[in-house]
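Subject: Structure for your review

Dear colleague,

Please find below the structure that I am handing over to you. My findings follow directly after it.

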Amino acid sequence: MTNFTRGQKGKLADLGLNGPFAVTLDIVSGSMEVDVSCFGVDAAGKLSDDRYMVFFNQKSAPDNAITVDLNGPRSVFQIDLARLPASIDKLVFTAATEQGSMRALGNSSMALGQAATFAFTGNDFQDEKAVIIGELYRRDGSWRFGAVGQGFAGGLAALLKHFGGSEAASSSPTPMSTPAAPPPPPANKISLSKIRLEKRGDKISLDKRDSGGYGRIRVNLNWNQNASQGQAPASKLDTGFLGKLFNKPASRSGGIDLDIGCLFEMSNGSKSAVQALGNSWGAYDRQPYIHLEGDDRTGSVSSGENIFINGTHFDQIKRVLVYAFIYEGVPNWAATDGVVTIEIPGQPTVEVRLDSDSQHAMCAIAMLENHGGNLQVTKLVEYFGGQGKITAHQAMDEKYNFGLNWKAGRKD
């Protein structure tokens, strides 16, 4: 592993990077939200083709030359330089915030596969809201890496403007006027919007972009996977979910297991649940067109847990209630820094944060409903606990009138 310092450059071939590789950004920002991006620019340093900006609202470039997986503080870009057109001369990796400044960063890094790493901290910056971390660029017929670490005054929108991109303007009503000839088709524009539903009851309605429905809808639950600073884990057992909540080692038998699941109602009236409890995984290509990807029992999977909804069959779905449940352990939701993101192709990312200190084990997070063919997302963030013979699942069910029959169960 070669350790780069700010301003240092080197050929990828000398690092042994002769094929596709990963670029991993580990950004330690505490409670400050940071957006990472990759700008594919031309020889003039301009984003002449918006398709080669890869970030939270556009996670792949043409031919999958660049893709990104965003997992909390860790973002992994998969890079295949051979698939880039000759017009792309440089890939610039950036981080930006609108909440504070880069001086708040902890020990962060950029890694190129297992070959090279560039470390940086907030001590390297002042009040800048963005940083150009590093870049891959063509020089004399070969690709090279440069560790930049340059602060930038503006946030993500300012970076987009700096690289010559165009930000999509939000639509607003306009007064009626005399009809005129239609304008020429607009150039591609990048949407930097990320819709955050702040209060319980907040909702957003998303129109279908075409007759093909909503495509592959991803509902992701993620939470803070880092131990508190200054408390390095003594063993693998220290990295369990209990350690994340209370900075204590998780025992082998008493760790906390956080699950995502959903209740659903089809347009034909049938109802059921998709969840790890009872091994009810659902199905993506047949009814209910809802599938739980897996069950992370350790809290160690950086991507969290995912439910996929087949939006091409959204006309057959009436409503989906997304929830999270702590299967084992003592819950403290506020300490999880939990967030649910709903990603729909061609739409802004919808975000719901678990921002209560409730001690109840069950949290109803969001309701996805079919309203005349349009997808409406409503923030719920309502917590339920069991009482007597009434389980937390049943209490939530009764609140939202699903009418399922519940009994105690365990995961195999």
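**Overall composition**

The chain comprises 4 helices and 25 strands. Please note that this is a predicted model. Of the 412 residues in the chain, 49% are buried. Among the contacts in the chain with a separation of 6 or more, 67% are between residues 24 or more positions apart. The chain exposes about 19900 Å², and carbon and sulfur atoms supply 48% of that area.

**The six-stranded sheet**

One open sheet consists of 6 strands in the order β1-β10-β9-β3-β7-β6, and its pairing is mixed. Its edge strands are β1, covering residues 2–4, and β6, covering residues 66–71; each of these pairs on one side only. From one strand to the next, the twist averages 15 degrees.

At the β6 edge, the partner is strand β7, which spans residues 74–79; the two strands pair in the antiparallel sense over 6 bridges. Within this pairing, Leu-70 stands opposite Ser-75 in β7. As general background, the strands of a sheet pair through backbone hydrogen bonds, in either a parallel or an antiparallel manner.

**Strand β15 and its two partners**

Strand β15 runs over residues 216–222, and 6 of its 7 residues are buried, so the strand is largely enclosed by the rest of the structure. It pairs with two strands that I should like to describe in turn.

- With strand β20 (residues 305–310), β15 pairs in the antiparallel sense over 6 bridges. Here Leu-221 stands opposite Glu-305 in β20.
- With strand β22 (residues 339–343), β15 again pairs in the antiparallel sense, over 5 bridges. In this pairing Arg-218 stands opposite Glu-343 in β22.

Residues of these strands also take part in an arrangement of a charge over a ring. Arg-216 lies over the face of Phe-308, at 3.9 Å from the ring centre.

**Aromatic pairs**

The structure holds 8 aromatic pairs. One of them joins Phe-77 and Phe-93, with 5.3 Å from centre to centre and 75 degrees between the planes, an edge-to-face arrangement. Phe-77 lies in strand β7, while Phe-93 lies in strand β8 (residues 90–96), so this pair ties together parts that are 16 residues apart in sequence. Phe-77 is buried, with a relative accessible area of 0%. Phe-93 likewise counts as buried, at 0% relative accessibility. The cut-off behind both assignments is a relative accessible area under 20%.

For Phe-118 and Phe-120, the ring centres are 5.7 Å apart and the planes stand at 40 degrees, so this pair is tilted. Phe-118 is buried at a relative accessible area of 3%, and Phe-120 counts as buried at 3% relative accessibility. Together with Phe-125, Phe-118 and Phe-120 form one aromatic cluster.

**A further charge over a ring**

Which ring does the charged end of Arg-319 sit over? The ring is that of Phe-402, and the charged end of Arg-319 lies 3.8 Å from its centre.

**Points to inspect**

When you open the model, you may wish to begin with strand β7, which pairs with β6 and carries Phe-77 of the edge-to-face pair. Strand β15 could follow, with its antiparallel pairings to β20 and to β22.

Yours sincerely

Methods
Residues are numbered from 1 along each chain as its sequence is written. This is a predicted model: local features need pLDDT of at least 70, side-chain atom pairs count only at pLDDT 80 or more; totals for chains, interfaces and linings use all residues. Side-chain values use heavy atoms; hydrogens and water are left out. Two strands pair if DSSP finds at least two bridges between them. Axes are lines fitted to C-alpha atoms, for helices over the stretch in contact, and angles run from 0 to 180 degrees between N-to-C directions. Buried means under 20% relative accessible area, exposed over 50%, partly exposed in between (1.4 Å probe, protein chains only). Rings of Phe, Tyr and Trp (its six-membered ring) pair if their centres lie within 6.5 Å; planes under 30 degrees apart count as stacked, over 60 as edge-to-face and the rest as tilted. A charge sits over a ring if NZ of Lys or CZ of Arg is within 6 Å of the ring centre and within 35 degrees of the ring normal. Contact means heavy atoms within 4.5 Å. Accessible areas come from the Shrake-Rupley method with a 1.4 Å probe; for residues, only the protein chains shown count as cover.
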